[in-house]
Amino acid sequence: MKKHIALWLLLALCAALFGACGEPGYTAGVWEGKTYTNQTLGFQLELDDNWLVATAQEMEELNENGATAMGLSEEQKKQLREKTVYDTIFTPKNADVTVQITAENLKKSSGAADEDSYLNSAKAQLSLMQAKETYEISDIFDVTLGGRAYRAMEIVVGDGDKVQRIYVSRVGDDYMSVINIAASGDHVLQEVEELFQPLS
């Protein structure tokens, strides 16, 4: 699983910088076998056996490694942990795709008023990041994922063979849900988006 993360996790963590499970306003999703249900966001994913789901320990290690790679101090890492609900990370065994679902407590971070200000802050942070690969960031756009309206931006790395889309949606007064899908091309990203189905 670790080989699929690299730049994607760095970008996701960087987006969360300006900005623990069970706090009022956001409840993390639940896995039953290969089915993930998120009542807060109103969607469900049904994965086949080709997919790997990170354990809580693996998520902690991945986030710690990403924060270290970004050069965060121990205090910055602590602040990141305190304001972020690390919901889930999953990736297929045979493809370069990573999906990460988090929520950020806005009262403990940037206090972004809406999705656009959150994404614009992410853009500003990403522009400061010293990445090994070149990338371009799209304008902010509307998209529906699992029946829920999101504001999103897309990051295209290199010659377009790697694409990451960051989807954000306000949850109540205090949280911003953040879904990161990183894929080895736009067509793969669209296939992953189709996995998100509204709860009936």
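Colleague: Let's start with Leu199: what is its relative accessible area?
Modeller: This is a predicted model, so local features need pLDDT of at least 70 and side-chain atom pairs count only at pLDDT 80 or more, while totals for chains, interfaces and linings use all residues. Residues are numbered from 1 along each chain as its sequence is written, and side-chain values use heavy atoms, with hydrogens and water left out. Buried means under 20% relative accessible area, exposed over 50%, and partly exposed in between, using a 1.4 Å probe and protein chains only. Leu199 counts as partly exposed, because its relative accessible area is 29%.

Colleague: Which residues does Leu199 touch, leaving aside neighbours within four places in sequence?
Modeller: Leu199 sits in the segment after strand E12 (197-198); a strand here is a DSSP run of E with at least two residues, a helix is a run of H or I with at least four, and both are numbered from the N terminus. Leu199 and Asn38 are 161 residues apart in sequence, yet 8.6 Å apart in space, C-alpha to C-alpha. Counting heavy atoms within 4.5 Å as contact, Leu199 touches Thr37, Asn38, Gln39, Gly42, Phe43 and Gln44.

Colleague: Asn38 and Phe43 both turn up there, so which strands are the edges of the open sheet of four strands?
Modeller: Two strands pair if DSSP finds at least two bridges between them. Strand E2 (residues 35-38) and strand E3 (residues 43-46) are antiparallel partners over four bridges, with Asn38 opposite Phe43. The sheet order is E1-E2-E3-E12, with antiparallel pairing. The strands that pair on one side only are E1 (30-32) and E12.

Colleague: Trp31 has a ring partner, so which one forms an edge-to-face pair with it at 5.6 Å?
Modeller: Rings of Phe, Tyr and Trp (its six-membered ring) pair if their centres lie within 6.5 Å; planes under 30 degrees apart are stacked, over 60 edge-to-face, and the rest tilted. That rule gives seven aromatic pairs, and in this one the planes stand 80 degrees apart. Trp31 lies in E1 and its partner in strand E5, so the pair ties together parts 59 residues apart in sequence. Trp31 is partly exposed at 23%, whereas the partner is buried at 0% relative accessibility: Phe90.

Colleague: Why is strand E6 (residues 98-105) called largely enclosed, and how many of its residues are buried?
Modeller: Look at its two sides: Thr98, Gln100, Thr102 and Glu104 point one way, Val99, Ile101, Ala103 and Asn105 the other, and all are buried. The rest of the structure largely encloses E6, because the buried residues number eight of the eight.

Colleague: What is the bridge partner of Gln100 in E11?
Modeller: Strand E5 (residues 84-92) and E6 run antiparallel, joined by six bridges, and Tyr86 has Thr102 as its partner in E6. E5 and E6 also form a hairpin with five residues between them. Eight bridges join E6 to strand E11 (residues 175-183), again antiparallel. In E11, Gln100 has as its partner Asn180.

Colleague: And helix H3 (residues 74-83): what arc holds its buried residues?
Modeller: The buried ones in H3 are Lys77, Leu80 and Lys83. An α-helix has 3.6 residues a turn, so residues three or four places apart point the same way. The arc is taken from the directions from the helix axis to the C-beta atoms. The buried residues of H3 line one face of the helix, because they fall within an arc of 140 degrees.
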